[in-house]
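Me: Hi! Could you walk me through this model?

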Amino acid sequence: MIPENASTLSRELLYTGLTRFRRKLVLLIEGKDTRVLEALRSVSTSQTLLRNTYLFELAVRDETLDIPYPHHLIHRTRTGVLVRSKSEVIVADVLTALGISYEYEKPLRSPTNPRDFRIPDFTVSYMGDTWLWEHLGMLSVPSYRAAWERKKRWYQEGGLWDRVITSEDGEDGSIDATEIERIAKSRILQG
């Protein structure tokens, strides 16, 4: 959030100033308060991130499905896919290393109600089979656990549970890439 006393300042305006100056850039800041600049460093203040523009092809975002919290897509996999957590980077990179293709956060419609959907972390495809991979990173947070339990019930009621693969962070927030690889090999490559 940009402080009221800096309502005309934006990340993009600051970027333009930083990239267009020739000899010297002067920033006039009232007092010694640099919180305005610090706030503008946050991805959440970017107006550009919320735009849907492509220069060389017509691409319009589906208005019925907004990407939830796009400003949280800050981690990049080896193949350039933006994901929400470092743990998801590890899952994605393990899948890629094993030659398993995936789509990140691809909406999954309910088999019984086309207007009802969920967004699995990864929709994994291998040799004609499809799995839904959910990485559970914050089960120690009650609201996260409750949301997962609702999603799990949705998968079960839709007859999809046998295609769901889960992995988890440790209680201390750690992640074990060899365990992710073991799960992928046992469920996907030999499943």
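What follows is a chat about the fold, one helix pair and a few single residues.

Reply: Happy to. One thing up front: this is a predicted model.

Me: Good to know. How many helices and strands does the chain have?

Reply: The secondary structure amounts to five helices and eight strands. Going along the sequence, the pattern reads α-α-β-β-α-β-β-β-β-β-α-β-α.

Me: And what share of the residues is buried?

Reply: Of the 191 residues in the chain, 27% are buried. The accessible surface is about 13600 Å², and carbon and sulfur atoms account for 52% of that.

Me: What about contacts between residues at least 24 apart?

Reply: Taking contacts between residues at least 6 apart in sequence, 47% of them join residues at least 24 apart.

Me: Let's switch to helix packing. How do people usually describe that?

Reply: Two packed helices are described by the angle between their axes and the distance between those axes.

Me: OK, then at what angle do α3 and α5 cross here?

Reply: Roughly 50°, with the axes of α3 (residues 86–97) and α5 (residues 177–189) coming within 10 Å. That angle makes α3 oblique to α5.

Me: Is the crossing left-handed or right-handed?

Reply: It is right-handed, as α3 passes α5.

Me: Which residues make the contact?

Reply: On α3 they are I90, V91, V94 and L95. On α5 they are A177, I180, E181, A184 and I188. By type, the contact of α3 with α5 has eight nonpolar residues, one charged and no polar ones.

Me: Nice. I188 caught my eye. What else is in contact with I188?

Reply: One partner is I165. The place of I165 is strand β8 (residues 164–168), and I165 is in contact with W131, L132, W133, E134, I183, R187 and I188, leaving aside neighbours within four places in sequence.

Me: So is I165 buried or exposed?

Reply: Buried, because its relative accessible area is 0%. As for spacing, I165 and I183 are 18 residues apart in sequence, with their C-alpha atoms 8.1 Å apart.

Me: How far is D129 from I188?

Reply: From C-alpha to C-alpha, D129 and I188 are 8.4 Å apart, while 59 residues apart in sequence. D129 lies in strand β7, and its relative accessible area of 34% means that D129 counts as partly exposed.

Me: Which residues does D129 contact, outside its sequence neighbours?

Reply: Setting aside neighbours within four places in sequence, D129 is in contact with V124 and R163.

Me: Changing topic: backbone torsions. What sign of phi should I expect?

Reply: Most residues other than glycine have a negative phi. Here are two residues to look at. E105 has a positive phi, near 50°, and is not a glycine. M127 is not a glycine either, and its phi is positive at about 50°.

Me: Where do E105 and M127 sit?

Reply: E105 is in the loop between β3 (101–104) and β4 (108–109). M127 is in the loop between β6 (122–126) and β7 (129–136).

Me: Are they buried or exposed?

Reply: E105 counts as buried, because its relative accessibility is 18% and the cut-off for buried is under 20%. M127 counts as exposed at 73% relative accessibility.

Me: There's a proline in the loop with E105 too, right by β4. Where is P107 placed, exactly?

Reply: P107 is in the loop between β3 and β4. With a relative accessible area of 29%, P107 is partly exposed.

Me: How far is P107 from P120?

Reply: Their C-alpha atoms are separated by 7.1 Å, and P107 and P120 are 13 residues apart along the chain.

Me: Last one: where is Y144, and what is Y144 in contact with?

Reply: Y144 lies in helix α4 (residues 142–157). Apart from neighbours within four places in sequence, Y144 is in contact with H135, L136, G137, M138 and L139. Y144 is partly exposed, with a relative accessible area of 23%.

Me: Great, thanks!

Definitions and conventions: Residues numbered from 1 in each chain as written. Predicted model: local features only at pLDDT ≥ 70, side-chain atom pairs only at ≥ 80, totals over all residues. Heavy atoms only, no water. Axes fitted to C-alpha atoms, helices over the stretch in contact; angles between N-to-C directions. Helix = DSSP H or I, 4+ residues; strand = E, 2+ residues; numbered from the N terminus. Parallel < 35°, antiparallel > 145°, perpendicular 65-115°, else oblique. Left-handed = near helix turned anticlockwise from the far one by under 90°. Contact = heavy atoms within 4.5 Å. Nonpolar A, V, L, I, M, F, W, Y, C, P; charged D, E, K, R; others polar. Buried < 20%, exposed > 50% of the residue type's maximum accessible area, 1.4 Å probe, protein only. Areas by Shrake-Rupley, 256 points an atom, 1.4 Å probe, with all protein chains shown as cover.
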